[in-house]
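Work through the exercises below with the sequence and the structure open. Each one gives a task and then a solution in steps.

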Amino acid sequence: MTGTILCDVTDPLAGASAAEFAAAVGARLGLRLVLVHVRAGVAQSSQASGPPPSEQALAAIADRLGHDAETRVAVGGDHAEALARVADEEGADLIVVGARPVGMGGRNLRAALARDLEAATPVPVLVAPPSTRRRSGQRLATR
Amino acid sequence: MRFSRLPLLWRVFAINATLLVIATLLLVLARDQIHASLAFVEGIDVVVGLAVMLAANLVLLRHTLRPLGRLVDRMRSVDLLRPGQRLAEEGGVEVAQLVGVFNEMLGRLESERRESAQRVLRAQEAERARIASGLHDEVGQVLTGVLLQLEGEGRSEQTKAAVRQALEEVRRIARELRPEMLEHLGLVSALTELSRKFADQSGLRIERRFADELPPLAEEAELAVYRVAQESLTNVARHAQATRVELTLEPGAGSVVLRVVDDGRGIDESVAANGRGGLRGMRERAVLVGGALAVKRARGGGVEVRLEVPAAGA
């Protein structure tokens, strides 16, 4: 492995397809993939009641992508700050964030996250809207 | 709430709104000069126009002052252990200048912090080496002399065993304080020796996987890898309740990656993120050599410590 892609999968709608895109790019370039779920607030005990559904979704995405995908749960109030911290810890070379597959609102939301990340980390950020992922997925699949 | 305590956005908005309302009232009251028969509908038009102007004023002000809000947020959350956090210099000239000055100040703070932490770590290592040398050369020699004397006098085996044990302890502490193996035989040999000793002392099974060819590291980066491995293994022995530890050293992207993974009870992510003491020390070492350190839950439970340090000249 010669580098690291960090992919935000906090939003279950956008996260899964962003992770697929990140995994395809990672496989092509030989990069390590770390999937991150940001959980707001205080950590819960995972032994007492099992992981929350969102983290189960994280595990499910990782399983679907294959054995090489690593997972992280970041605990913190601010989404961008938590992602930036994990990117720093993992020595990430690229952060991939998804976009909701519907409407302008979702894209604006992700654009805000990308802008916040710009201030929080020097790591480049790639916003992968669904159409980009479809096109890139087809291109990557043909090679 | 006093006017001066209001946020800047609302103070400017209140002033602008007051002026706009006064201007509108003047317009309405001076209707004779503008329109002879101002009807009710026209009055509504004026009110709607005023509301639109106020809303536009608020939106524009909010947009103009937003970089200030981001600056305040960044000032509150900035962490010098995560260098490189900078704000885009946007907004009006003054705001952009303020952000620019803040970014420059952050650069200076990061640089000064890095230099002072480097000095502290160097002093710490020098002090450790001095203590290790004192233990080995002075206390060790005295104990060896005592042991020889006891053997010459034919004292009991129990007394001699106690002195031998003390001598071994002194040597062990000296070795831990100053990793001579690192200086003489390199990182892989030093980590092999460290993990072998750790397995002997803790009784844990340790699996080593060191890549055959690793990029060369600067002396300080090698020391950082060694110290992080040492601290991680100590944490496993103290807190993890593990039965097995995996120690891996592999090449990365112009870097070397160390992984210490145990099968113990794991760690809470918030504890790992806000770690104090040993964890913070490891993070500082990583930052000083331009590396990245992650302490996280391992895939099969337990804890994974991952340190990536740049290769020499990378």
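**Exercise 1: a strand pair in chain A**

R39(A) stands opposite V75(A) in β3(A). The model is a predicted one.

Task: Find which strand pairs with β3(A), in which sense, and over how many bridges.

Solution.
- Step 1. The partner is strand β2 (residues 32-39) of chain A.
- Step 2. β2(A) and β3(A) run in the parallel sense and are joined over six bridges.
- Step 3. Now consider the surroundings of strand β3 (residues 70-75) of chain A. Five of its six residues are buried, so the strand is largely enclosed by the rest of the structure.

**Exercise 2: helix α1 of chain A**

Task: Compare the length of α1(A) with the span expected at 1.5 Å a residue, and then decide whether A14(A) is buried or exposed.

Solution.
- Step 1. Helix α1 of chain A covers residues 12-29, and that is 18 residues.
- Step 2. From its first C-alpha to its last, α1(A) reaches 25 Å, close to the expected 26 Å.
- Step 3. A14(A) is part of this helix. The cut-off for a buried residue is 20 or more other C-beta atoms within 10 Å. A14(A) has 25 C-beta neighbours inside 10 Å and therefore counts as buried.
- Step 4. Other residues of α1(A) are buried too, including S17(A), E20(A), F21(A) and G26(A).
- Step 5. For a distance check, take A14(A) and L113(A), which lie 99 residues apart along the chain; their C-alpha atoms are separated by 13 Å.
- Step 6. After the helix comes G30(A), with a positive phi near 70°.

**Exercise 3: chain A as a whole, and where to trust it**

Task: Give the order of elements in chain A and state where its confidence is lowest.

Solution.
- Step 1. Chain A has six helices and five strands. Starting at the N terminus, the order is β-α-β-α-α-β-α-β-α-β-α.
- Step 2. Of its 143 residues, 48% count as buried. Among contacts in chain A with a separation of 6 or more, 72% are between residues 24 or more positions apart.
- Step 3. The average pLDDT of chain A is 78, and 71% of the residues score at least 70.
- Step 4. Strand β1 (residues 4-8) of chain A has the highest mean, 93, while helix α2 (residues 46-49) of chain A has the lowest, 48.
- Step 5. Over residues 44-48 of chain A, pLDDT stays under 50, and the model has two contacts beyond four places in sequence for this stretch. Where pLDDT is low, the predicted coordinates should not be read in detail.

**Exercise 4: the sheet of chain B**

Task: Which strands of chain B stand at the edges of the sheet, and which helices pack on it?

Solution.
- Step 1. The sheet is open and has five strands in the order β1-β2-β3-β5-β4 (chain B), with mixed pairing.
- Step 2. The edge strands are β1 (205-210) and β4 of chain B; each has a single partner strand, so one side of each is left without a neighbour in the sheet.
- Step 3. Neighbouring strands are turned by 10° against each other on average, direction ignored.
- Step 4. β1(B) pairs with strand β2 (residues 244-251) of chain B in the parallel sense, over six bridges. Within this pair, F210(B) has L249(B) as its bridge partner.
- Step 5. Helix α8 (residues 219-240) of chain B packs on the sheet and touches β2, β3 (255-262), β4 and β5 (303-310) of chain B; its direction makes about 10° with that of β3(B).
- Step 6. Helix α10 (residues 278-288) of chain B also packs on the sheet, touching β4 and β5 of chain B, and its direction makes about 145° with that of β4(B).
- Step 7. The loop between α8 and β2 of chain B contains Q241(B). This residue has a positive phi of about 55° although it is not a glycine. Q241(B) counts as partly exposed because it has 13 C-beta neighbours inside 10 Å.

**Exercise 5: the contact between the chains**

Task: How many residues does each chain give to the contact, and which element gives the largest share on the side of chain B?

Solution.
- Step 1. Chain B gives 20 residues and chain A gives 20 residues.
- Step 2. On the side of chain B, the elements that give two or more residues are α3 (40-77), α9 (269-273) and β4 (292-297).
- Step 3. The largest share on that side, four residues, comes from β4(B).
- Step 4. By type, the residues on the side of chain B are seven nonpolar, five polar and eight charged.
- Step 5. For confidence, the model scores ipTM 0.71 and pTM 0.72. Chain B has a mean pLDDT of 85, and 95% of its residues reach 70 or more.

Definitions and conventions:
Residues are numbered from 1 along each chain as its sequence is written. Chains are lettered from A and ligands numbered from 1 in the order in which they are written. This is a predicted model: local features need pLDDT of at least 70, side-chain atom pairs count only at pLDDT 80 or more; totals for chains, interfaces and linings use all residues. Two residues are in contact if their C-beta atoms, placed from the backbone, lie within 7 Å. Ala, Val, Leu, Ile, Met, Phe, Trp, Tyr, Cys and Pro count as nonpolar, Asp, Glu, Lys and Arg as charged, and the others, Gly among them, as polar. A residue is buried if 20 or more other C-beta atoms lie within 10 Å of its own, exposed if 12 or fewer, and partly exposed in between; C-beta atoms are placed from the backbone. pLDDT is the predictor's confidence in each residue, from 0 to 100. Two strands pair if DSSP finds at least two bridges between them. Axes are lines fitted to C-alpha atoms, for helices over the stretch in contact, and angles run from 0 to 180 degrees between N-to-C directions. The expected span of a helix is 1.5 Å times one less than its number of residues.
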